[in-house]
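Hello,

Here is the structure I promised to pass on. Please open it alongside this message, and I will walk you through what turned up.

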Amino acid sequence: MTNEVCTGAQILLKSLVKEGVKEIFGYPGGVILTVYEALYNQKDIKHYLVRHEQAAVHAAEGYARVTGRPGVALVTSGPGACNTVTGIANAYYDGYPIVVFTGQVGLNQIGNDAFQEADVVGITRSCCKHNYLVKDVKDLQRIIKEAFHIATTGKPGPVVVDLPKDILTQKTTFDYPKEVKIAGYNPNYKGHPIQISKALKMLSEAHRPIIISGGGVLTSSAHEELLKVANMLKTPVCHTLMGTGTFPANSELDLGMLGMHGNFWANHAVSHADVIFALGTRFNDRITGCLQRFARDAHVIHVDIDPCSISKNVKADIPIVGDVKNVLEGMISEFEKTNPNIYVEDKNNWLNQIEEWKRNRAVVKSPEGKLSAIDVINKLYEMTKEYDPIVCTEVGQHQMWTAQNFKFNKPRRLVTSGGLGTMGFGFPAAMGACAAYPDKLVLNIAGDGSIQMNIQEMATCADYGFKVINCIIDNGYLGMVRQWQEKLFHEHYSETKISHPDFVKLAEAYGALGIRIEKEEEIEPAIKKAIEAKCPVILDFVTESMEMVYPWVLAGEPLTKVLLSNDC
């Protein structure tokens, strides 16, 4: 019904429905009680009550990552809004669309140090794509329309809408706008055809080409086009952590992940390439190593929808501003029209050289006595791959072992924090995945340190039947930091040994299933029981404390200087 007079709170919910929002994650508080009153009287939106506001934003991002649709979080003012900042920054650095609605004190109280007042616009300005303070109820529906448009177009990202208490109670006519017009905001989706032609010619004539697939490939759903381009140009593909799943791991052209803990052969291929075709990646320090020594003989073709990302870290010889999918479609069309000559013999020699590099692999020594974390993760992969699971991770050694040992042939299956490296992200992100796909097998691979960052969300999982299987690599340390201390700080393990509760009893206290695994023969039965369970699960794998992640390129070193074992 149009031209209906509604309160700001009602307009908020009606606007969400217009945007196709069906699920939101939140936590109530005084200044947004009018919104929760409106929620009580409607049936179109499902609200999930988290136990911490940070978890609401991570869950919204997890939802966005697996669906491609914007996630939504709703929190109160002051501390509630402040608790969202880590989640907002995480979505900003990894480029995922979320809209966060924060409560605010009344307009006449702003700046007066009112109870639970915080300058949300000022606090979030540097870590979101855009933010709003609503000052007139008549602007609310336009602002919401713009917020979703900004969050989901161009390079996606978080948008914050700060809602003063009195705006939510004031009334105006509801007439949701049909389109958005924002002066100065007009992302370019079509890559320039001349640049695309130049790129195709350079790749066709290249002797040692390589494609780097970043998170932008996933965002634009360009995985099918990428596979076609790689095959037609006979060019190998490596991916960033955020690009995991954008190129099938079972392809002969797949080199896996590059970078600090990437494959030896992927790092060497990038370092010795004569042409790099970079798709939707920022070239951050985790994939370049020492910038001054990164791929010094390569010409770089860089495709990104964000013009600010091009040549920011690595100079592009052929910059192409546009959506990755559209650019690759343009390249395929150009290829089919011109049928350029591909130097097949040179490219075969290049692939043979990469096969030689593949013989240099990390030397993994199985620990004596306790479980190997790598063996645990390999067994998790083998026993769950038939279910095509969504795999979330926290941040640390377990994250890298997962990226190295799980084989992803489809996009939106790995959900992990890249740019910000947020401990505590994986568990609530897994809840968001469960909300989106309740019948999907969802794993959260965690460390015994990172899982404690948002362990309170076991209550949320129990309440809503989110069957997250938390697989804890329990090594008694903040593992990745301890690894750095061992190699770089003379084995001075300063404040990295960590205690934790009895995870089995903790799971039981929340009404979940808890299993401790200490022997190799216990791994398979525990995983099988977890898959068959009808409730949230904690699998506590007690593993070797001093196991290391290899390969490892030390910070500031070139990609070719790779440590493959403790003996390096």
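Buried residues make up 60% of the 568 residues in the protein chain. Please keep in mind that this is a predicted model. The radius of gyration is 24 Å, close to the 24 Å that the globule rule gives for 568 residues, so the chain is as compact as a globular protein of that length. If you picture the C-alpha trace along its principal axes, it spans about 70 × 60 × 40 Å. The surface that the protein chain exposes comes to about 23500 Å², and carbon and sulfur atoms supply 48% of that area.

As for how the chain is put together, its secondary structure consists of 22 helices and 20 strands. Among the contacts with a separation of 6 or more, 76% are between residues 24 or more positions apart.

One sheet is worth a look on your screen. It is an open sheet of 6 strands with parallel pairing, and the strand order is β3-β2-β4-β5-β7-β6. Which strands sit at its edges? They are β3 (46-49) and β6 (130-133), each of which pairs on one side only. On average, neighbouring strands in this sheet are turned by 20° against each other, direction ignored.

Within that sheet, strand β4 (residues 71-75) runs parallel to strand β5 (residues 98-104), and 5 bridges join the two. To find your way along this pair, start at G71, which stands opposite I98 in β5. You will also see helix α2 (residues 33-40) lying across β2 (23-26), β3 and β4, and this helix runs at about 125° to β4.

Since you may well ask about cysteines: how many disulfides does the structure hold? The count is 0. C82, for example, is in no disulfide, and the nearest cysteine sulfur, that of C127, is 11 Å away. C82 counts as partly exposed, because its relative accessibility is 35%. C461 is another one to look at: its sulfur is 6.6 Å from the closest cysteine sulfur, in C434, which is too far for a bond. The cut-off used for a disulfide is two cysteine sulfur atoms within 2.5 Å. Is C461 buried or exposed? C461 is buried, because its relative accessible area is 0%.

Finally, a few spots in the backbone deserve a closer look. As background, most residues other than glycine have a negative phi, and most peptide bonds are trans.

- Y550 and P551 are joined by a cis peptide bond, with omega at about 0°. You will find P551 in the segment after β20 (537-542).
- K234 has a positive phi, near 50°, and is a residue other than glycine. Its place is in the loop between α11 (223-233) and β10 (237-239). With a relative accessible area of 28%, K234 is partly exposed.
- E491 is also a residue other than glycine with a positive phi, here near 60°. E491 belongs to the loop between α20 (479-488) and α21 (503-509).

Happy browsing, and do write back with any questions.

Best wishes

Notes. Residues numbered from 1 in each chain as written. Predicted model: local features only at pLDDT ≥ 70, side-chain atom pairs only at ≥ 80, totals over all residues. Heavy atoms only, no water. Buried < 20%, exposed > 50% of the residue type's maximum accessible area, 1.4 Å probe, protein only. Pairing = 2+ DSSP bridges. Helix = DSSP H or I, 4+ residues; strand = E, 2+ residues; numbered from the N terminus. Axes fitted to C-alpha atoms, helices over the stretch in contact; angles between N-to-C directions. Contact = heavy atoms within 4.5 Å. Rg over C-alpha atoms; globule rule 2.2 N^0.38 Å. Areas by Shrake-Rupley, 256 points an atom, 1.4 Å probe, with all protein chains shown as cover.
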